[in-house]
Protein chains: 2
Amino acid sequence: MDMAEKPYHHGDLRAALLAAAEKELTEKGVEGFSLRSVAKRAGVSHAAPAHHFGDTGGLLTTLAAEGFTQFQNTLDAREIGATDPREKAVRAGLGYLEFAVARPALFRLIFSSARPDFASADLIAAANRAYDHLVELVTTLGGGETDVIALWATSHGLADLSAGNKMRTLQGKSRDAREALIRAVLMRSLPKDAG
Amino acid sequence: MDMAEKPYHHGDLRAALLAAAEKELTEKGVEGFSLRSVAKRAGVSHAAPAHHFGDTGGLLTTLAAEGFTQFQNTLDAREIGATDPREKAVRAGLGYLEFAVARPALFRLIFSSARPDFASADLIAAANRAYDHLVELVTTLGGGETDVIALWATSHGLADLSAGNKMRTLQGKSRDAREALIRAVLMRSLPKDAG
DNA sequence: ACCTTATCTTGACAGTGTCAGGATTATGCG
DNA sequence: CGCATAATCCTGACACTGTCAAGATAAGGT
């Protein structure tokens with residue numbers, strides 16, 4: 001009967017708290033996020049998270065940094081198998097949107113929240129990786145700064161509006177029709193063909 | 001000595017609460033918004049807002065509906081004086097961005113928050129007005145659904161990223177250079193010229 | 001063995017949203 | 001005008017939140 005009698009030391013509470021925090025975030029959203037609730041999920045006292053993350057902002061900052069990496073991974077996964085650089089850029093945009101729709105709370109935490117500390121080194125590093133990748137995509141197409149901004153703004157606009165269910169004209173369509181439409185929009189934000 | 005001895009009945013508490021709520025919003029943001037703090041600003045008891053707005057969500061819903069109208073007014077003001085329909089559309093996009101940068105908290109409340117009740121009739125009406133205007137702008141240019149989505153997504157992406165200080169490449173520029181860049185990006189999302 | 005350190009708990013405090021009930025004033029009706 | 005009714009606002013309470021201080025427990029190094 002000595003099975004997991006809740007030892008005083010958790011073992012890997014930090015990871016457990018992060019996992020619990022992500023659940024809390026997806027269920028309650030950024031605005032309903034509660035640190036005490038996260039502690040309950042992890043089966044630990046309400047003040048336990050403080051030791052690992054300082055305060056709520058610290059936890060959300062770590063979560064945002066991790067989320068940013070997962071965000072970039074989603075884009076990378078979409079690009080795999082695309083040889084044409086234009087197709088690669090379009091797929092990156094599709095991945096941007098996919099992440100926003102699949103995990104809107106995490107997306108909002110990263111791009112539209114004031115709770116994480118965006119001066120954090122980890123968060124800055126993760127954000128820079130994503131931005132550098134975007135720049136590389138566009139420069140490969142022979143594009144410049146204007147093109148970077150165009151592709152980013154279009155992708156982000158589509159993603160944010162979709163994450164918030166604001167663009168209902170997109171949801172009344174089949175998956176294929178929707179993707180075709182989005183592809184057409186993304187194409188327009190790409191650099192003019194050098195052909 | 002009878003000068004404004006705080007009468008029991010405020011007179012127009014509803015309007016005063018809305019004004020206080022907007023201040024609270026701009027100072028604390030959506031995530032730091034406190035109903036009791038709003039009541040204090042208006043010099044009234046902590047439960048006074050409930051009678052006029054029900055709960056916090058009700059107040060934020062009314063604020064969002066008003067904000068949406070102000071948002072549309074900003075776009076309209078920018079369009080005044082433009083004869084060319086393409087220039088009109090571009091100016092609408094510039095107004096979109098202007099509003100987001102000038103009043104980021106209100107912008108976030110409208111587009112990126114889960115706290116207002118977006119099933120509210122007033123809020124839906126205000127949102128539809130803005131959307132209809134966008135559609136009109138685009139159809140005047142001979143554009144269709146794809147063009148509507150393109151212009152909206154681009155404008156919204158620029159606006160949201162600017163409101164959150166995410167696009168730092170834009171801020172390192174002079175006002176004129178920035179506007180030129182944004183104009184170029186917006187142009188690209190417009191329907192192909194019929195010429 | 002023992003001291004130090006990391007980890008986690010308990011308890012407290014101020015602040016929050018919301019509900020119930022009471023106080024005060026305006027309003028309509030006789 | 002007088003009064004019942006309704007609208008408006010306040011007080012007090014409850015559960016919940018984040019954060020701090022102080023203590024309990026366990027791990028690790030010397």
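User: Taking helices (H or I, at least four residues) and strands (E, at least two) as DSSP runs numbered from the N terminus, what separates Arg183(B) and Glu179(B) in helix H10 of chain B?

Analyst: They are separated by about one helical turn, because Arg183(B) and Glu179(B) stand four residues apart in helix H10 (residues 175–188) of chain B. The two form a salt bridge with the closest N and O atoms 3.3 Å apart, the term meaning a side-chain nitrogen of Lys or Arg within 4 Å of a carboxyl oxygen of Asp or Glu. This is a predicted model, in which local features need pLDDT of at least 70 and side-chain atom pairs count only at pLDDT 80 or more, while totals for chains, interfaces and linings use all residues. Residues are numbered from 1 along each chain as its sequence is written, chains are lettered from A and ligands numbered from 1 in the order in which they are written, and side-chain values use heavy atoms, leaving out hydrogens and water.

User: How many salt bridges over all chains?

Analyst: The count is 22 over all chains. One of chain A's joins Glu24(A) to Arg41(A), with N and O 3.0 Å apart at the closest. That pair links distant parts of the chain, since Glu24(A) is in helix H1 (residues 13–28) and Arg41(A) in helix H2 (residues 35–41) of chain A, 17 residues apart.

User: Is Glu24(A) buried or exposed?

Analyst: Glu24(A) is buried, at 0% relative accessible area, whereas Arg41(A) is partly exposed at 32%; buried means under 20%, exposed over 50% and partly exposed in between, with a 1.4 Å probe and protein chains only. Both residues also belong to a network of salt bridges with Glu27(A) and Lys28(A).

User: Switching to rings, how many aromatic pairs are there?

Analyst: There are 18 over all chains, where rings of Phe, Tyr and Trp (its six-membered ring) pair if their centres lie within 6.5 Å, with planes under 30 degrees apart counted as stacked, over 60 as edge-to-face and the rest as tilted. Among them, Phe71(A) and Phe111(A) are edge-to-face, at 5.6 Å between centres and 75° between planes. Because Phe71(A) lies in helix H4 (residues 56–79) of chain A and Phe111(A) in helix H6 (residues 104–111) of chain A, the pair ties together parts 40 residues apart in sequence. Phe71(A) is buried at 2% relative accessibility, and Phe111(A) is buried at 5%.

User: Which residues form one aromatic cluster?

Analyst: Phe71(A) and Phe111(A) sit in one with Phe68(A), Tyr96(A), Phe99(A) and Phe107(A).

User: And how much area do chain A and chain B bury between them?

Analyst: About 3,200 Å², of which 60% is on carbon and sulfur atoms; buried area is the accessible area (1.4 Å probe) that two parts lose on being put together, summed over both. The contact, meaning heavy atoms within 4.5 Å, takes 36 residues from chain A and 36 residues from chain B.

User: How many salt bridges cross that interface?

Analyst: The rule finds four across the interface of chain A and chain B, including one between Arg188(A) and Asp147(B) at 2.9 Å, N to O. On the side of chain A that touches chain B, H6, helix H8 (145–163), helix H9 (168–171) and helix H10 (175–188) of chain A each supply at least two residues. H8(A) gives the most, with 13 residues.
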